[in-house]
Amino acid sequence: MDTNLQPFTSGCLWSSLVLLLALVLFLGVPRIRMELRAKRILSQIANYEIKSFFVSFDSVFPSQKRAVMDKKIAEMESQGWIYLRSGEVNPLKTIKYLGGGLNMYFVRDSVQHQ
């Protein structure tokens, strides 16, 4: 029996699997929480309307991106909109912006705002 073919006892394989699991949890858990929050908000509003905005970022730093997002959320909340979630944008649309961009989705009760 060839002892060189022992993939499951290799330390490199196990460390790679642990790293992959950590990466999936790190990226997946916040996204799942965001989707659950969006579903909960939509279930509480019977007649809702959704509005989306493209937000571009002039900086590559996450703190400055977050500040732009917070500014847009505050602006929309003053008009009666609730922040729902963010979504990806086609890279061809964001390539001209240094920090990229995303779509921000807002929701409000359409009955109260007619």
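This is a short tour of the structure above, one selection at a time.

**Before you start**

The model is predicted, so to speak of local features a pLDDT of at least 70 is needed, side-chain atom pairs count only at pLDDT 80 or more, and totals for chains, interfaces and linings use all residues. Residues are numbered from 1 along each chain as its sequence is written, and side-chain values use heavy atoms, with hydrogens and water left out.

**Stop 1: the whole protein**

Show the protein as a cartoon and follow the chain from the N terminus: the elements run α-β-α-β-α-β. That comes to 3 helices and 3 strands. These are DSSP runs, numbered from the N terminus: helices are H or I with at least four residues, strands are E with at least two.

Now switch on the surface. The accessible surface is about 8700 Å², and 61% of it belongs to carbon and sulfur atoms; such areas come from the Shrake-Rupley method with a 1.4 Å probe, and for residues only the protein chains shown count as cover. Of the 114 residues, 23% are buried. Buried means under 20% relative accessible area, exposed means over 50%, and partly exposed lies in between (1.4 Å probe, protein chains only).

**Stop 2: helix α2 and K72**

Select K72, which lies in helix α2. Is K72 buried or exposed? With a relative accessible area of 16%, K72 is buried. Next, add F53, V55, M104 and F106: leaving aside neighbours within four places in sequence, these are the residues in contact with K72. Contact means heavy atoms within 4.5 Å.

Stay in helix α2 and pick D70 and R66, whose side chains meet in a salt bridge (3.1 Å, N to O). A salt bridge is a side-chain nitrogen of Lys or Arg within 4 Å of a carboxyl oxygen of Asp or Glu. D70 and R66 are 4 residues apart, about one turn of the helix. D70 is partly exposed at 36% relative accessibility, and R66 is partly exposed too, at 42%.

**Stop 3: the largest pocket**

Keep R66 selected and add F57, P62, K65, M69, S86 and L102; together they line the largest pocket. A pocket is found on a 1 Å grid over the protein atoms alone, as an open set of points where a 1.4 Å probe fits, with protein on both sides within 12 Å along at least five of seven lines; lining residues have an atom within 4 Å of a point.

Which element gives the most to the lining? Helix α2 (residues 62-77) does, with 4 residues. About 160 Å³ of space lies in this pocket, a volume being the space filled by probe spheres set on grid points joined across faces, edges and corners.

**Stop 4: two links across the chain**

The structure holds 4 salt bridges. Select R85 and E35, whose side chains meet in one of them (3.7 Å, N to O). R85 lies in strand β2 (residues 82-87) and E35 in helix α1 (residues 11-44), so the pair ties together parts 50 residues apart in sequence.

Finally, select E49 and R108, a salt bridge with its closest N and O atoms 3.1 Å apart. This pair links distant parts of the chain, with E49 in strand β1 (residues 48-56) and R108 in strand β3 (residues 101-109), 59 residues apart. E49 is partly exposed at 28%, whereas R108 is buried at 17%.
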